[in-house]
Amino acid sequence: MDGCEDALALTQARLQLERDTVVSTSVPSRKRKLAETPEDEAPVVKKARMQLERDTVVSTSVPSRKRKLAETPEDEAPVVKKARMQLERDTVFSTSRTSRKRNLAETPENEAPVANKAPIQPERGALWDRCPFDTVFSTSGTWRNPETPEDEAPVVKKAPIQLERAPPTVWIIGDSYIRRGEEIARSSLGGDLGVKAKVSWFGWGGLRWRGLVPFFNKSLRGRTAPDVLIIHCGGNDLGGMNAVHLIAEMKVDLLDLHRRFPHMKIMLSDITPRRQWRSTIHPKQIDMARKWVNREMADFILGVEGVVIHHPNILFYNPRLFLRDRVHLSPLGNELFLNNIAESLKSFIK
């Protein structure tokens, strides 16, 4: 009979404890407290409760550690000891983060078997969109963001490497038109003709075509061949040299330059008209020869991947474009001459 009473008292104690036991869900370091004892509590249950309040110890260490109950004293009453052992089997503390509430396991009679649960992942939505790509999920099923230096992989942000292209080098070589043109360019357009390029000038008064390549080779000493070579020469040869021979020499020299420096682009400037040719008294015949040379060389220069610079706005019958010697260009004529070169150069080096 006494055994039945003890069993009944044990069952009452268990049911009373499960109703009254409260596990705090606040900061992990706080101790969990049991509910207040009702005044009409049975003596056996009251004794078991008082004993549990003295012996139960909740660990205040890291939130993920399991809370442990105190060791059972040797002189503990059998009923209390039996209740304690049952509670230790059934009480389960959650091992997740501090935001997870601690729950007691259900009674063995209606407790469902616990299967291995897959990690809990947050649902897609505003929170998901704000999560960085390095967000990880712990093996215990809790979602976390590695913000601490210990578990955060270092991210090295590489800035895109942008190499600025060096401006092309341009040489302008020729007779007195180039020498005088340089002086005008530096005072008006600038030495670089307003083009994003490094321009160098090589003008030689009275230069004839036969002396052009030797002059170029001499200027090349100690330097690197330019990216673009602009040539204005041949006007001093007209009237003193047959146009057919002049064209032949021009083609041979230009082809030789192209073979020696295949990366160098050649821009050939048309021979400009003059009001007076030094070598003859028949200016109209010389002007006809000039036009023929320009046409022949325009077709040839395209074959060596070059470009022709035309000067359609320089007309021999306009005296304002020439000096008193009727050969060289006036400041206005030089302005037109340099603008034609600059515009052709801009289009060529885009």
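A residue counts as buried when its relative accessible area is under 20%. By that criterion Pro 226, with a relative accessible area of 0% in this predicted model, is buried, and 37% of the 350 residues of the chain fall into the buried class as well.

The chain contains nine helices and seven strands. Among contacts between residues at least 6 apart in sequence, 67% join residues that are at least 24 apart. Confidence in the prediction has a mean pLDDT of 74 over the chain, with 57% of the residues reaching 70 or more. Two stretches call for caution: pLDDT stays under 50 over residues 22-37, for which the model has 24 contacts beyond four places in sequence, and pLDDT also stays under 50 over residues 125-143, for which there are 30 such contacts.

Pro 226 itself lies in the loop that runs between helix H6 (212-219) and strand E5 (228-232). When its neighbours within four places in sequence are left aside, Pro 226 is in contact with Thr 169, Trp 171, Phe 216, His 263 and Met 264. Pro 226 and Lys 198, which are 28 residues apart in sequence, have C-alpha atoms 9.4 Å apart in space.

A second loop residue, Thr 272, is found between strand E6 (265-269) and helix H8. Thr 272 has a relative accessible area of 3% and is therefore buried, given that the class takes in values under 20%. Apart from neighbours within four places in sequence, the contacts of Thr 272 are with Tyr 177, His 232, Trp 277, Arg 290, His 311, Ile 314 and Phe 337.

The helix that follows this loop, H8, packs against another helix of the chain. Helix H7 (residues 243-260) and helix H8 (residues 283-303) pack at an angle of about 25°, and their axes are 10 Å apart. Because angles under 35 degrees count as roughly parallel, H7 and H8 are described as roughly parallel to each other, and their crossing is right-handed. On the H7 side, the residues that take part are Ala 243, Val 244, Ile 247, Met 250, Lys 251, Leu 254 and Leu 255, and these meet Ala 289, Trp 292, Val 293, Glu 296, Met 297, Phe 300 and Ile 301 in H8. Sorted by class, the contact of H7 with H8 comprises 12 nonpolar residues, two charged residues and no polar ones.

Key. Residues numbered from 1 in each chain as written. Predicted model: local features only at pLDDT ≥ 70, side-chain atom pairs only at ≥ 80, totals over all residues. Heavy atoms only, no water. pLDDT = per-residue confidence, 0-100. Contact = heavy atoms within 4.5 Å. Axes fitted to C-alpha atoms, helices over the stretch in contact; angles between N-to-C directions. Helix = DSSP H or I, 4+ residues; strand = E, 2+ residues; numbered from the N terminus. Parallel < 35°, antiparallel > 145°, perpendicular 65-115°, else oblique. Left-handed = near helix turned anticlockwise from the far one by under 90°. Nonpolar A, V, L, I, M, F, W, Y, C, P; charged D, E, K, R; others polar. Buried < 20%, exposed > 50% of the residue type's maximum accessible area, 1.4 Å probe, protein only.
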